[in-house]
Amino acid sequence: MITLRQMSAPRWTAVFLLLAALCCLFVPAVTVKHENFKKCDQSGFCKRNRQFADDVSASSSWTSPYVLDPASITFEKGQLNAIVLKAVKEGEEKARLPLTVTFLDSGVARVTLDEEKRAKGEINLRHDSKARKERYNEAGKWALVGGLKVFEGAALNAEAEQGYTKVVYGKGGKHQAVIRHSPFGIEFQRDGETHVKFNERGFLNVEHWRAKIEKAKEEEKKEGEEEKKEEEKKEETQGEDESTWWEESFGGNTDSKPRGPEAVALDISFPGYEHVFGIPEHATRLSLKTTKGGDNAYDEPYRLYNADVFEYEMDSPMTLYGAIPFMQAHRKGSTVGVFWLNAAETWIDVTKKKNTANPLALGLKGHTDTQTHWMSESGLLDVFVFLGPTPQDLARQYGELTGYTAMPQSFAIAYHQCRWNYVTDEDVKDVDRRFDKFNIPYDVIWLDIEYTQEKKYFTWDPLTFVNPDKMQKQLAKRERKLVAIIDPHIKNTDNYPVIDELKKKDLAVKNKDGNQYEGWCWPGSSMWIDCFNPAAIDWWKGLFKYDSFKGTAPNTFIWNDMNEPSVFNGPETTMPKDNLHHGNWEHRDVHNINGMTFHNATYQAITERKKGELRRPFVLTRAFYSGSQRSAAMWTGDNLAEWAHLEASLPMVLNQGISGFPFAGADVGGFFGNPSKELLTRWYQAGIYYPFFRGHAHIDTRRREPYIAGAPYTEIITQALRLRYQLLPAWYTAFHEASTTGAPIVRPNFYVHPEDDNGFAVDDQLYIGSTGLLAKPVTKEGATSVSVYLADSQPYYDYFDYTTYHGAGHHTVPAPLEKIPLLMQGGHIIPRRDRPRRSSGLMKHDPFTLVVVLDKDGNADGTLYLDDGETFDYQQGAFIHRRFNFDGVRQVLTSTNLDTSSRTVKCEKYLKSMEKVRVEKIIIVGAPSAWKNKAEVTVMEEGRKESKRKQSFPLEYHAAEGKKAAWVVVRDPKAWIGRGWRIDFGDKAAGHEHHGHEH
Ligand code: NOJ
């Protein structure tokens with residue numbers, strides 16, 4: 001026998017090549033296992049409600065059985081309370097559903113419907129269940145952090161006609177809720193026009209509590225099997241299909257459903273709105289397709305049920321890892337939306353109704369209505385209605401309710417290098433060194449599950465991670481960080497203090513019988529921490545203290561994965577719905593929030609690792625819900641190294657942005673499989689535009705760190721990374737905006753140009769913050785150009801060579817492999833840092849370049865936000881926030897202060913630390929030809945000595961060439977980043993004495 005050692009090199013190579021070729025032939029086609037996940041008709045309540053909607057639509061005589069009892073209405077201090085009665089079986093008492101409609105200061109209205117019997121606990125649970133009897137009413141406790149101030153100015157409209165209650169609300173009385181009593185429904189109007197309708201189609205359905213009629217055993221025996229079924233159906237359901245009321249089985253798991261059927265459902269229509277966006281997470285387009293069949297439509301509703309969907313498919317309404325039940329409808333001149341605050345499994349049908357123009361009504365154009373149907377398995381019906389009118393209003397109002405994006409540390413928006421797994425501490429150090437050797441910037445290296453000892457979190461494998469401290473010291477030398485994974489399943493084994501404590505303190509999720517639930521995940525048998533329990537959060541915090549999780553350091557941060565939760569042997573790879581959480585809420589009620597409670601706990605833990613050490617945490621999560629943006633970043637899970645997945649990542653990331661959770665990205669390179677070098681390169685060129693930018697790969701893939709690909713790929717990828725680093729000041733400013741206004745970090749066309757109806761569905765190009773930078777990543781193999789859609793008549797300039805593109809419509813922009821299609825919209829000032837460094841931490845005191853991109857009238861505007869990038873001092877005024885403006889008429893560039901707060905000690909200290917940081921270069925793109933003969937500009941700066949106040953600096957003029965715009969450069973004008981200054985480009989420069997003093 002020949003051993004490997006004895007094989008000569010060429011033979012060994014030949015064998016290797018043969019094996020590689022065979023592998024290529026036999027790579028199995030990867031695709032999601034549909035049979036593991038429910039379709040609507042396998043999910044009892046979805047099937048029932050969809051059927052109900054179909055029956056209602058088909059009937060001409062049917063009316064909704066929900067009636068608001070006018071005698072029950074009370075209205076006080078911005079809130080309406082009433083009882084909606086649901087007619088049930090003949091002769092039976094109607095179900096009483098307490099209604100509240102709350103009008104908020106922000107102009108948002110909130111509608112909740114509860115069920116009296118359940119709220120009062122007047123129901124019986126089956127199987128001796130210990131579950132709570134009420135409909136779950138704590139979703140708000142986890143999701144909402146503000147915006148609930150009631151608008152006391154809301155008033156009943158005295159002129160309401162019979163059968164209606166009308167409430168005028170919103171600042172200036174612009175909004176009105178028209179509440180129809182019979183059948184119950186609400187229309188929300190803005191300026192007299194209806195924008196959102198509830199129960200227009202009559203699909204409102206609150207499955208009221210009823211007792212299961214158990215047949216006596218004796219009696220049952222007497223009846224023949226068939227006869228019995230027939231009888232039961234007739235007697236108990238009066239025509240309703242109750243087969244999924246009391247028990248449901250799927251994939252070998254049976255849900256005991258102790259409360260029986262309890263779904264809530266409602267149709268919500270947006271009249272005159274053709275586009276709806278939002279409700280992530282799905283691998284689909286930004287403008288949501290319809291879901292009831294037909295051309296280019298899905299035939300399943302969008303599903304929100306956080307799940308570990310292995311090898312998920314493209315272009316699908318299937319559920320994924322996270323859920324944000326926030327939808328917005330958009331048309332020219334108006335954006336409105338709804339937030340369906342429910343944490344249970346939810347399905348949403350979307351249909352569109354075309355209304356053709358009426359030839360007799362002159363001037364009335366045809367329009368399309370979007371109709372949606374929301375169905376949740378349990379919980380309250382709790383919906384917020386937003387009336388806009390702009391996408392920016394929605395972002396702000398939704399952010400006010402669920403919280404804005406946490407301001408990350410600056411390293412967190414730089415490049416992250418991950419794979420499953422870096423196998424030893426030496427391996428990590430080696431990768432770190434190679435990045436340096438190849439002069440490739442990166443900030444964070446990641447450790448996946450293999451760093452632990454046998455998947456026991458908070459331990460290190462003693463054989464492979466021998467010296468984590470030393471490893472981190474090497475990283476820290478270049479200001480780099482480490483992220484280690486910690487999942488919510490805790491290995492159920494001996495000699496592991498973490499599981500012992502979890503059990504002893506009784507902090508794990510319980511099964512339906514109230515015993516600690518045990519399931520299967522990476523470590524084998526495991527238990528799950530129940531972060532709905534405050535005691536569990538406290539305990540969790542303790543585990544991250546440096547003396548508890550030994551080997552971690554201040555530059556260690558955390559990745560929370562598998563928190564849907566993923567349970568390998570559970571129904572649909574997650575927990576049984578009848579499991580019990582803290583307070584005896586069923587898992588069914590809280591499923592979609594579960595992941596958020598976990599990453600929130602980790603966030604808190606990171607803030608408390610050491611007394612007095614106040615650094616902004618970084619936590620990455622896979623599962624999420626509304627509110628996750630307050631404490632985590634997310635990524636789109638296990639994608640594939642395929643072009644289609646690269647393409648899908650853009651609408652997915654854009655959708656996250658407009659849905660309030662913009663710190664988002666996809667695995668660069670694709671998680672499963674090996675990308676071609678071209679795909680990997682293109683993915684990096686796209687990945688630099690993800691707010692969260694991380695390369696990651698499955699354990700079975702080949703190594704693919706940027707330095708591996710070789711010429712020309714490594715060089716091209718490095719250029720892409722450098723572009724991200726160069727623009728970090730612009731990204732950081734965009735994060736700041738997200739953290740204060742809810743604005744997305746990368747923005748789709750409709751958000752930036754809400755009046756341009758041709759561009760509402762555009763989702764393959766993006767704007768970075770408010771910078772006017774417009775990127776169109778290449779997502780097609782072999783492409784050498786891209787078609788960029790321009791929405792307006794501003795000039796757009798190529799970022800690299802200032803080629804000008806003019807005019808609304810599509811433009812072909814060259815994109816050979818080495819070129820990243822990136823344009824600058826006229827009218828912006830973009831802050832950059834041009835010095836290549838090894839990590840963002842090393843750039844903190846680097847000088848700035850300002851790129852002034854003139855609009856068609858010769859003006860430009862921009863902002864810069866800066867702080868220490870690390871601590872919470874910015875909350876006490878330690879930041880720099882500047883506005884740069886180029887005034888085309890006066891031909892002056894100014895820097896003014898946007899910080900209106902008074903100067904704190906922390907602020908002074910920070911400004912002092914930035915005192916020497918200057919603008920080292922100013923580039924003006926689209927420079928007027930009159931500057932051709934201009935030799936210098938005058939710079940005036942606040943705070944300088946009188947004699948030095950005014951100084952002149954040379955100006956370099958570069959004439960226009962072909963389609964390339966003229967541009968000028970001013971080098972090192974001695975303008976400090978933290979101060980006010982003014983640079984005069986005009987003829988009368990010397991004559992101007994006035995300058996922008998401030999503070
Ligand atoms: C699943 C995650 O999605 C993936 O990114 C990770 O590498 C594996 N779990 C292993 O932890």
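I began with one pair of aromatic residues in this predicted model, and found that Tyr415 and Phe693 are both buried. Their ring centres lie 4.8 Å apart with the planes at 50°, so I entered the pair as tilted, given that tilted covers whatever is neither under 30 degrees nor over 60. I then looked up where the two residues sit in the chain: Tyr415 belongs to strand β22 (residues 415–417) and Phe693 to strand β33 (residues 693–695), so that the contact joins distant parts of the chain, 278 residues apart.

Next I turned to the aromatic pairs as a whole, of which the structure holds 55. As a second example I took Tyr312 and Tyr321, whose planes stand at 75° with the ring centres 6.1 Å apart, which makes the pair edge-to-face; Tyr312 and Tyr321 are each buried. I also noted a cluster linked by ring pairs, made up of Phe411, Trp446, Phe557, Trp559, Phe618, Trp635, Phe663, Phe692 and Phe735.

I looked for charges over rings and recorded two cases. The ring of Tyr273 has the charged end of Arg331 over it, at 4.8 Å from the ring centre, while the ring of Tyr305 has the charged end of Lys577 over it, at 5.0 Å from the ring centre.

Last, I checked the annotation. The unreviewed UniProt entry assigns residues 742–830 to "domain: Glycosyl hydrolase family 31 C-terminal". For residues 742–830 I noted 36% strand and 4% helix, with the end C-alpha atoms 21 Å apart.

Methods:
Residues are numbered from 1 along each chain as its sequence is written. This is a predicted model: local features need pLDDT of at least 70, side-chain atom pairs count only at pLDDT 80 or more; totals for chains, interfaces and linings use all residues. Side-chain values use heavy atoms; hydrogens and water are left out. Rings of Phe, Tyr and Trp (its six-membered ring) pair if their centres lie within 6.5 Å; planes under 30 degrees apart count as stacked, over 60 as edge-to-face and the rest as tilted. Buried means under 20% relative accessible area, exposed over 50%, partly exposed in between (1.4 Å probe, protein chains only). A charge sits over a ring if NZ of Lys or CZ of Arg is within 6 Å of the ring centre and within 35 degrees of the ring normal. UniProt positions are given in the numbering used here, feature names are shortened, and annotations may be inferred rather than shown by experiment.
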